Amino acid sequence: MSKPIIYWHYFSAPCRGNWLCVQNLGIDVDFRLLNLVEKEQLKPEFLKINPMHCVPTLDDDGYVIWESRAISTYLADSKTPDTPLYPKDSKKRGLIDARLYFDGTFLHMRMRGLIGPVIYQGETKLKEANVEALREAYNYLEEFLSKTQFVAGDNLTLADCHILSVISTMKLLGVGFENHPKIANWYENCRKNVKGFDENEKYAQQFVDYIKSKLE
């Protein structure tokens, strides 16, 4: 059986969330780069795989799914079923899922609300209202971390990998967490415990440089 394929681009925080999960699960995955700037995701051969033409997209021996958090949980379940990153205990897993959904439906969407107008609509400044909306998401994350070392308990999980991909990008863009000491402490815990932390920051920096090239 061939190893799983993930079509991705390192500019994408959800893609980097998958990449971090794979590094920490210890799975052998073939990451295939799609140049989104050149719109390679719209080529007919990729549209046959994913008609929604989004990344990341997983192809595991003909089993195709997209949505980054679904990919991460599927890989954990199917390839490393005993991993502490996504334990079978229903309450622990439920909390991890809740944090993954927070990332997908709130935190990441606030990031997109901030940078989307620059990337897609030609805006040349980051709107302060959108910065404040992102900081509201930081406030919730700070509360999550008020009782635990990581976002879904005292151990590293898939949720940390996905949330880290967003927070690292925003930190490098200049939306830091100076007023959120729990996030700052968590970030340093991730630096020490997350495999691929430095590589993720390098990828995020390239994306931030791209965004800054469009700002006045």
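Two strands are said to pair if DSSP finds at least two bridges between them, and strands (E, at least two residues) and helices (H or I, at least four) are DSSP runs numbered from the N terminus. The model is predicted, so that local features need pLDDT of at least 70 and side-chain atom pairs count only at pLDDT 80 or more, while totals for chains, interfaces and linings use all residues. Residues are numbered from 1 along each chain as its sequence is written, and side-chain values use heavy atoms, with hydrogens and water left out.

**Exercise 1. Describe the sheet, beginning with the pairing of strand 1 and strand 2.**

Step 1. Strand 1 (residues 5-8) pairs with strand 2 in the parallel sense, over four bridges, and W8 stands opposite L33 in strand 2.

Step 2. The open sheet has four strands in the order 2-1-3-4, and its pairing is mixed. Strand 2 (30-33) and strand 4 (63-66) stand at the edges with a single partner strand each, so one side of each is left without a neighbour in the sheet. From one strand to the next, the twist averages 20 degrees.

Step 3. Helix 1 lies across strand 1 and strand 2 and runs at about 150 degrees to strand 1, where axes are lines fitted to C-alpha atoms (for helices over the stretch in contact) and angles run from 0 to 180 degrees between N-to-C directions.

**Exercise 2. Find the unusual backbone geometry in the loops.**

Step 1. As background, most residues other than glycine have a negative phi, and most peptide bonds are trans.

Step 2. A cis peptide bond, with omega about 0 degrees, joins V55 and P56, and P56 is found in the loop between helix 2 (44-49) and strand 3 (57-60).

Step 3. K39, in the loop between strand 2 and helix 2, has a positive phi near 60 degrees although this residue is not a glycine. D61, in the loop between strand 3 and strand 4, is likewise not a glycine and has a positive phi of about 55 degrees.

**Exercise 3. Set out how helix 6 meets helix 1 and helix 5, by angle, handedness and contacts.**

Step 1. The axes of helix 1 (residues 13-25) and helix 6 (residues 158-173) come within 8 Å and cross at roughly 135 degrees. Helix 1 and helix 6 are therefore oblique to each other, given that angles under 35 degrees count as roughly parallel, over 145 as roughly antiparallel, 65 to 115 as roughly perpendicular and the rest as oblique.

Step 2. Helix 1 passes helix 6 in a right-handed crossing; a crossing is right-handed if the near helix is turned clockwise from the far one by less than a right angle, and left-handed if anticlockwise.

Step 3. Contact means heavy atoms within 4.5 Å, and among the residues that meet are L20 and C21 in helix 1 and L164 and S165 in helix 6. By class, this contact of helix 1 with helix 6 has nine nonpolar, seven polar and one charged residues, where Ala, Val, Leu, Ile, Met, Phe, Trp, Tyr, Cys and Pro count as nonpolar, Asp, Glu, Lys and Arg as charged, and the others, Gly among them, as polar.

Step 4. The axes of helix 5 (residues 128-144) and helix 6 come within 13 Å and cross at roughly 135 degrees, which makes helix 5 oblique to helix 6. The crossing of helix 5 and helix 6 is left-handed. L134, Y138 and L141 of helix 5 make the contact with I163, I167 and M170 of helix 6, and by class this contact has six nonpolar, no polar and no charged residues.
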